[in-house]
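Please take a moment to look over the sequence and the model before reading on. The briefing below is meant for a reader who is meeting this structure for the first time.

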Amino acid sequence: MTRGSLCKVAFVWSDHFEEFDNGRNHPVRQGRFRAVRDYIVSQGFYEHDNVSEMSPEPLPESLLERVHTQEYITRIRRISATGEGDVDIDTPGYRGIYETALWTCGGTISGVKAILRGEIDHFISPTGGFHHAFPDRGGGFCVFNDIAAAVRLLQDRGIKRVAIVDLDVHHGNGTQSYFLESPDVLHISLHEDPEWTYPHSGRVEESGTGKGSGLSVNVPLPMDSGDDVFLYSFREIVPPILDFFRPQFLILVPGFDTHYLDPLAHLVTTTRTTRETTLMLHDQAHKHCDGRLGVVSGGGYDRQALSWGVATVLSVLSGIPYSAPPESPPIQDDSETWELARRTVRAVRARVFSQLGL
Ligand SMILES: [Zn+2]
Ligand SMILES: [Zn+2]
C-alpha cells in the first residue's frame with residue numbers, strides 16, 4: 001500500500017472559477033478549468049472514498065488587505081465595476097474581475113483551512129498559484145496572490161515555517177517579493193532561464209536578504225531541459241534545503257507549463273517530472289509537516305498536458321493509480337543542456353547552501 005492511499009485529498013471546485021473573460025485569444029480561456037475537472041471525473045477519482053470535491057468560499061477581504069495595497073485593490077475594483085482598463089499588458093480587465101479573483105484565490109484559502117481543521121491531508125486548487133502578483137500590482141495572468149494570502153493565514157493560525165516549492169516554468173517573482181527578508185518562509189523556484197522567458201527574473205543571485213538570506217532559492221534551467229535534467233536539478237537542491245528548513249506546511253505549485261506540449265515556454269518535460277517531484281514533496285510533507293500539503297496549479301496552457309498533470313498529482317497524493325497516455329517529447333537532454341544545468345546546480349549550492357550553513 002502506498003502512503004497516498006491513506007491520505008484524504010480534496011479537489012477544490014466552484015462554477016465561479018469559470019466566470020472570467022480574458023477574451024478569445026488569451027492562453028487562459030474559458031473552459032480550461034472545467035476541462036480539468038471533467039477529466040478528473042472521467043478518470044474515476046471521485047469513486048474512491050479518500051478523494052472528495054470541496055466547495056470553496058471567496059477569499060476574505062480581510063486577508064486580501066493583508067497582501068495587497070489599498071490603492072491596488074481599489075484599482076481592480078474600479079476595473080471590475082466598469083470593465084474598463086487592464087491589469088497589465090498580459091492580463092486583461094473585465095467586468096467582474098474583482099469577484100472572480102476572490103473566488104479563484106479563495107479555492108486555495110479554503111483548502112488551507114480544511115487542512116488546518118484536520119478534515120483533509122492535501123488539496124488541489126486548480127485555479128490557484130497566482131505567483132506573478134505583487135503587493136501593489138498584478139501581471140502575467142495574475143490579479144491577487146493566493147499563495148501570499150495562504151502564508152499570512154497560516155502564520156495567523158500559528159504555523160511558523162512555510163515552504164513554497166514553485167515548479168512552474170515561469171519564475172514566481174510576485175510570491176518571492178513578499179518573503180525576501182523572511183526567516184520563516186522558504187521560497188524555491190525552478191523555472192526556465194530568465195534570459196528567454198517571462199518575467200525575466202529568478203537568477204541564482206536572488207537568494208534573499210537579511211534574516212531571509214538563503215531562503216529565496218532560484219534554479220534557472222536551460223532552455224530545452226527535459227525530465228532528466230529537471231529531476232536532477234530538483235533532487236540536488238530541493239530535498240536537502242527542505243530537510244534543513246523543516247517546514248510545518250508545504251505549498252506546491254506544480255505549474256504544468258514545463259510540459260513539452262505547452263505553447264508558452266521552452267522546456268520539454270513530461271508527466272514523469274510531475275509524478276516524481278510530487279512523490280518527493282509528498283514524502284517531505286509527511287516527514288516534516290504532519291502531511292500538510294496544499295497544491296495550487298499554476299500555469300499549464302495545453303489542455304491535455306494540464307489535465308494529465310493535475311491527474312498525476314492527484315494520483316500521487318491519493319494513491320489511486322493513473323498514467324497519462326504515452327508522451328513523446330520532441331528532443332532529449334543533450335550534453336550542452338546537461339553542462340548548463342550542472343553549472344547552475346553548482347552555483348545554487350555554492351551560494352545558497354553556504355548562506356544557510358548547510
Ligand atoms: Zn499524504
Ligand atoms: Zn507559468
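What follows describes the metal sites, one after the other.

This is a predicted model, and its zinc ions are treated in turn. Ligand 1, a zinc ion, is coordinated by C7, H122, H282 and H286, while the zinc ion that is ligand 2 has its protein donors on D168, H170 and D257.

**Zinc ion (ligand 1)**

- The coordinating atoms are SG of C7 together with NE2 of H122, H282 and H286, at 2.0 to 2.2 Å from the zinc ion.
- The arrangement is tetrahedral because the four donor atoms subtend angles of 100 to 122°, and tetrahedral here requires that all angles lie between 85 and 135 degrees.
- Along the chain, the donors follow the spacing C-x114-H-x159-H-x3-H.
- C7 lies in the segment before β1 (9-12) and H286 lies in helix α8 (residues 271-288), so this pair ties together parts that are 279 residues apart in sequence.
- C7 is buried, with a relative accessible area of 3%, whereas H286, at 23% relative accessibility, counts as partly exposed.

**Zinc ion (ligand 2)**

- D168 appears twice among the protein donors through OD atoms, alongside ND1 of H170 and OD of D257, and these donors lie 1.9 to 2.7 Å from the zinc ion.
- The four donor atoms subtend angles of 53 to 155°, which makes the arrangement irregular.
- The donors follow the spacing D-x1-H-x86-D along the chain.
- D168, in the loop between β4 (162-166) and α6 (173-179), and D257, in the loop between β7 (249-253) and α8, link distant parts of the chain that are 89 residues apart.
- Both D168 and D257 are buried.

Terms used
Residues are numbered from 1 along each chain as its sequence is written. Chains are lettered from A and ligands numbered from 1 in the order in which they are written. This is a predicted model: local features need pLDDT of at least 70, side-chain atom pairs count only at pLDDT 80 or more; totals for chains, interfaces and linings use all residues. Side-chain values use heavy atoms; hydrogens and water are left out. Donors are N, O and S atoms within 2.8 Å of the metal (3.2 Å for Na, K and Ca); water is not among the atoms, so sites may look incomplete. Four donors count as tetrahedral if all angles lie between 85 and 135 degrees; four count as square planar and six as octahedral if opposite donors are over 155 degrees apart and all others between 65 and 115; anything else is irregular. Helices (H or I, at least four residues) and strands (E, at least two) are DSSP runs, numbered from the N terminus. Buried means under 20% relative accessible area, exposed over 50%, partly exposed in between (1.4 Å probe, protein chains only).
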